[in-house]
Amino acid sequence: MKQVSILWTDDEIDLLKPHILFLEEKGYSVKTASNGDDAIELVKIHSFDLVFLDENMPGKSGLETLSIIKSLQPLLPVIMITKSEEEDIMDAAIGSKIADFLIKPVNPNQILLSIKKNIDTRKLVTRETTSAYQSEFAQLGQQINSCRNFDDWVAVYMKLIYWELELEKSDDDSMADILKMQKSEANNEFGKYIRNNYFDWFEGDSSKRPLLSPGILNHAVFPQYQKNGKAVFILIDNLRFDQWRIIQPLINDFYAVEKEEAYCSILPTATQYSRNSIFAGMMPVDIASRYPDLWRNDDDEGNKNQYEEELLQSQMTRLGIKGKHYFGKIITAKAGLKQVENIENILQNDLIVFVYNFVDMLSHANTDMEMIKELASTEAAFRSLTLSWFQHSQLYDLLKALSNKKIPVIISTDHGTIRVSKPIKVVGDKATSKNLRYKLGKNLSYNPREVFEIKNPSKVHLPKSSVSSKYIFSYGDSFMAYPNNYNYYVNYFTNTYQHGGISLEEMVIPLITLRSKVV
């Protein structure tokens, strides 16, 4: 392991000899300087991991020296040491991005703690996180095997996400690989749970059914609207729970999470079905029957979601919910900027709905664009791209603007997405739907052990394009490939993000109610 190299600069450096010997006994390499000029020269010719810098020195002050060191090595951690507790000195040092601030006299343990905090943090995090996950591994495995209802699966998925994000901070790839296998095991068991229970949700006791896509507006949005006289619903297409977790800290600056829930996306976990169901407050077969002009089958031409606003209005009318509504669909940065600039006029409405398509576009771009494939080559990278988008998005600006209005905001999505890696062979005719995670058709050939079959779509409130049409769904991280072009499908679609099938990532969906922190 590389020895940590430290530069200690102080005009009374000889008096610090005991501290330096203490650090050397701990295995650190320490070079010294008695003034700012010497420190700067040493930084130019040596590769230090950390600098201790006295603030009050003759010649160049500590702050002046700090400024030059940062210009030479912007990422080099500098710990300022000073006799003064004056606020303006602290502010200036912190503004110059120091790593820590110590007040003289310092003792060896203070110095050691500061080094560990700034140099050894990742190593310590790796050790502690790995140990903690190892301790919980068996317990989590038991929890996966004992899940009996949707709430149990939500609890398991939240733990898997927690450990995924924690292990991402460490350097131990072996633990990340073990977690990946445990997550795969969870998805296998979740697939069995859906297979054994999905039909019962529509044919049996509705009280045992989890909250599904058609019910979320009436469950979370309309009550806030009726209670406050206004509400904003933001649907971020294709937003997974782990992605919500990484953007949440930014939102926490100006919103408190009043309620965090999870609901279950209907099958297929695809925009045409799940999102239309959300806005209609109905299952797809009921939309197709009641509003045939507003429904598009898989084999129909054109946009399958072009009537969402009309479906929203129909649900409000059916439930007797009065008031003006606004519906905005944002698929470009220009459209997002227009919403922010026009927010005062938009807020003249009572119920405001925004649909943001970026995350869905990102997942599709991962399939279609080689550059995005490389940028999102891992789950961590995919989350990072989502965070980067959000930080610089008009949605972030919109949320900040809305926080000043003290209007309740509900954030959710229509379905998630999963990174696929296991091809399964399916044969269908030209009329078969194109999605890789589910197929709708009347002449399908497949291994029934590899998919979830719905031979009678009406039993789960799904429409069919012909009398003999049926649906099949992929489990876990599998995807459907045609045998006549099998190698092409496998090479092109392996490790891309897809949706439409059965997995925790696609079906366990965030439903978040926010309350403004602005006083």
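Modeller: A residue counts as buried under 20% relative accessible area, as exposed over 50% and as partly exposed in between, with a 1.4 Å probe and protein chains only. This is a predicted model, where local features need pLDDT of at least 70, side-chain atom pairs count only at pLDDT 80 or more, and totals for chains, interfaces and linings use all residues. Residues are numbered from 1 along each chain as its sequence is written, and side-chain values use heavy atoms, leaving out hydrogens and water.

Biologist: Thanks! Is Ser445 buried, partly exposed or exposed?

Modeller: Let's locate Ser445 before we classify it. Ser445 sits in strand 14 (residues 445-446); strands (E, at least two residues) and helices (H or I, at least four) are DSSP runs, numbered from the N terminus. Its relative accessibility is 43%, so Ser445 counts as partly exposed.

Biologist: Which residues is Ser445 in contact with, leaving aside neighbours within four places in sequence?

Modeller: Contact means heavy atoms within 4.5 Å. Asn187 gives a sense of scale: Ser445 lies 258 residues from Asn187 in sequence and 24 Å away in space, C-alpha to C-alpha. Once the neighbours within four places are left aside, the contacts of Ser445 are Lys425, Val426 and Val427.

Biologist: Over the face of which residue does Lys425 lie?

Modeller: A charge sits over a ring if NZ of Lys or CZ of Arg is within 6 Å of the ring centre and within 35 degrees of the ring normal. One such case is Lys400, at 4.3 Å from the ring centre of Tyr396. For Lys425, the distance to the ring centre is 4.9 Å, and the ring belongs to Tyr486.

Biologist: Tyr396 brings us to helix 19. At what angle do helix 18 and helix 19 pack?

Modeller: Two packed helices are described by the angle between their axes and the distance between the axes. The axes are lines fitted to C-alpha atoms over the stretch in contact, with angles from 0 to 180 degrees between N-to-C directions. Helix 18 (residues 379-391) and helix 19 (residues 394-403) have axes 6 Å apart, and their angle is about 55 degrees. That makes the arrangement of helix 18 to helix 19 oblique, as neither roughly parallel (under 35 degrees), roughly antiparallel (over 145) nor roughly perpendicular (65 to 115) fits about 55 degrees.

Biologist: How many charged residues does the contact of helix 18 with helix 19 have?

Modeller: In this contact, Trp389, Phe390 and Gln391 of helix 18 meet Leu395, Tyr396 and Leu399 of helix 19. Ala, Val, Leu, Ile, Met, Phe, Trp, Tyr, Cys and Pro count as nonpolar, Asp, Glu, Lys and Arg as charged, and the others, Gly among them, as polar. The contact has five nonpolar residues and one polar, while the number of charged residues is: no charged residues.

Biologist: How is helix 9 oriented to helix 13?

Modeller: Helix 9 (residues 216-228) packs on helix 13 (residues 308-318) with their axes 12 Å apart and an angle of about 80 degrees. Leu217, Asn218 and Phe222 from helix 9 meet Leu312, Gln315 and Met316 from helix 13. Because of that angle, helix 9 to helix 13 is roughly perpendicular.

Biologist: Is the ring pair of Phe452 and Phe473 stacked, tilted or edge-to-face?

Modeller: Rings of Phe, Tyr and Trp (its six-membered ring) pair if their centres lie within 6.5 Å; planes under 30 degrees apart count as stacked, over 60 as edge-to-face and the rest as tilted. A search of the whole structure gives 33 aromatic pairs. For Phe452 and Phe473, the centres are 6.2 Å apart and the planes at 35 degrees, so the pair is tilted.

Biologist: How many residues apart are Phe452 and Phe473?

Modeller: Both of these residues are buried. Phe452 belongs to strand 15 (residues 451-454) and Phe473 to strand 16 (residues 470-474), so the pair links distant parts of the chain, and the separation is 21 residues.

Biologist: Which residue in the loop between strand 15 and strand 16 has a positive phi?

Modeller: The residue is not a glycine, and its phi is about 60 degrees. At 24% relative accessibility, it counts as partly exposed. In that loop, the residue is His461.

Biologist: One more: what percentage of the residues of the protein count as buried?

Modeller: The secondary structure comes to 21 helices and 19 strands. The C-alpha trace spans about 90 × 55 × 40 Å along its principal axes. Of the 519 residues, the buried share is 53%.
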